[in-house]
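Got the viewer open? Load the model, switch on a cartoon view with side chains available on demand, and follow along one selection at a time.

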Amino acid sequence: TGFKWLADAAERATRAGRRFVLGYEEALGVMIGDAVRDKDGMSAGLVLADCAARERARGRRLTDRLDDMARRHGLHAKAQTYVRFGPRDDVAARVLTQLREDPPDALAGAAVTTVSDFERGRRWHRGGDISTIDLPPTRMVALTLDDGSRMQVRPSGTEPKLKFYVEVVEHVHGAVDEARRRAARRLDAVVDDLYAATGLDPAPAEAAEPAR
């Protein structure tokens, strides 16, 4: 949490001899490259405009470029949902403790392969291995599935909400639109199973994104 940690990742990558390409946060902050080490909308807008101009010169749109990326890397679909709780409720503490100590074996038919506890700085891998998370501590638990899906659960920093961020990946075999529909169905299934695993009532998506 906090965009400064993304800029810090760029600095550490540079020191290690790697090239930082892109960092972003859920609240629409984007940093492209390391010329401006902040979520600077103007520099990101310039890069996007340049990309759009290049595609237009080829008779294409930005959405065509996204489809190319889906064919190469898989189609990624994301959604955010949440549960509200009262000032005296312990919903966030209960769910985070449950996910770190007794996570589900699978969600929507895909096995859980890692459980990352960002508050304690530890990542559990299926098979029993444990590794360290080299990031500042924050109240969040993340799950990764063997099909590439991932989700993060954390309390809001400003409201009495427990927030769920979910992403699924659908490989493209044939038409991208069909993969997009499959991804949307899988996204719903993962969200439903995540709610069931934590004993919470489903809530409507707060800011579901188109499957891209």
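Start just past helix α3: select Gly74, which follows the helix and has a positive phi, near 95°. Keep in mind as you click around that this is a predicted model.

**Back into α3**

Now step back and select residues 62-73, the whole of helix α3. Put a distance monitor on the C-alpha atoms at its two ends and you should read 16 Å. That agrees with expectation, because 12 residues at 1.5 Å a residue should span 16 Å.

Next, show the side chains of Asp68 and Arg71. They meet in a salt bridge, with an N to O distance of 3.2 Å. How many residues apart are Asp68 and Arg71 in α3? They are 3 apart, so about one helical turn separates them. Asp68 is partly exposed, with a relative accessible area of 31%, and Arg71 is partly exposed too, at 48%.

Don't stop at the pair. Add Glu55, Arg58, Arg60 and Arg65 to the selection: together with Asp68 and Arg71, these residues are linked in a network of salt bridges. If you run a search over the whole structure, the count of salt bridges comes to 22.

**Across to α5**

Keep Asp68 on screen and select Val176, which is found in helix α5 (residues 176-198). Val176 and Asp68 sit 108 residues apart in sequence, yet their C-alpha atoms are 9.1 Å apart in space. Is Val176 buried or exposed? With a relative accessibility of 5%, Val176 falls under the 20% cut-off and therefore counts as buried.

Now colour what touches Val176. Ignoring neighbours within four places in sequence, Val176 is in contact with Asp67, Arg71 and Leu75. Arg71 is the residue you just saw bridged to Asp68.

**Into the strands: β3 and β10**

Select residues 75-84 for strand β3. Of its 10 residues, 7 are buried, so β3 is largely enclosed by the rest of the structure. Then add strand β10, residues 161-170. In what sense do β3 and β10 pair? They pair in the antiparallel sense, over 10 bridges. To get your bearings along the pairing, pick Val83 and look across to β10, where Leu162 stands opposite.

While you are in β10, select Glu167. Glu167 counts as buried because its relative accessibility is 11%. Show the side chain of His76 as well: a polar contact of 2.7 Å joins it to the side chain of Glu167. For the wider surroundings, leave out neighbours within four places in sequence, and the contacts of Glu167 are His76, Ala77, Lys78, Ser149 and Arg150.

**On to β9 and β8**

Arg150 is a handy stepping stone from Glu167, since strand β9 covers residues 150-155. Strands β9 and β10 pair in the antiparallel sense over 6 bridges, and they form a hairpin with 5 residues between them. Pick Gln152 here and you will find Tyr165 of β10 opposite.

Stay on Gln152 and look the other way, to strand β8 (residues 141-145). Ala142 stands opposite Gln152. The strands β8 and β9 run antiparallel and are joined by 4 bridges. Which residue in the turn of the β8 and β9 hairpin has a positive phi? Select Gly148, with a phi of about 95°. This hairpin has 4 residues between its strands.

**Last stop: α1**

Finish by selecting residues 4-15, helix α1. Two salt bridges are worth displaying here.

- Asp8 and Arg12: their side chains meet at 3.0 Å, N to O. Being 4 residues apart in α1, they are separated by about one helical turn. Asp8 counts as partly exposed at 29% relative accessibility, and Arg12 counts as partly exposed at 30%.
- Glu11 and Arg15: their side chains meet at 3.5 Å, N to O. Again the two lie 4 residues apart in α1, about one turn of the helix. Glu11 is partly exposed, with a relative accessible area of 29%. Is Arg15 buried or exposed? Arg15 counts as exposed, because its relative accessibility is 57%.

Key: Residues are numbered from 1 along each chain as its sequence is written. This is a predicted model: local features need pLDDT of at least 70, side-chain atom pairs count only at pLDDT 80 or more; totals for chains, interfaces and linings use all residues. Side-chain values use heavy atoms; hydrogens and water are left out. Buried means under 20% relative accessible area, exposed over 50%, partly exposed in between (1.4 Å probe, protein chains only). A polar contact is a pair of N or O atoms within 3.5 Å; within protein, one must be able to donate a hydrogen and the other to accept it, and residues adjacent in sequence count only if both atoms are side-chain atoms. Contact means heavy atoms within 4.5 Å. A salt bridge is a side-chain nitrogen of Lys or Arg within 4 Å of a carboxyl oxygen of Asp or Glu. The expected span of a helix is 1.5 Å times one less than its number of residues. Two strands pair if DSSP finds at least two bridges between them.
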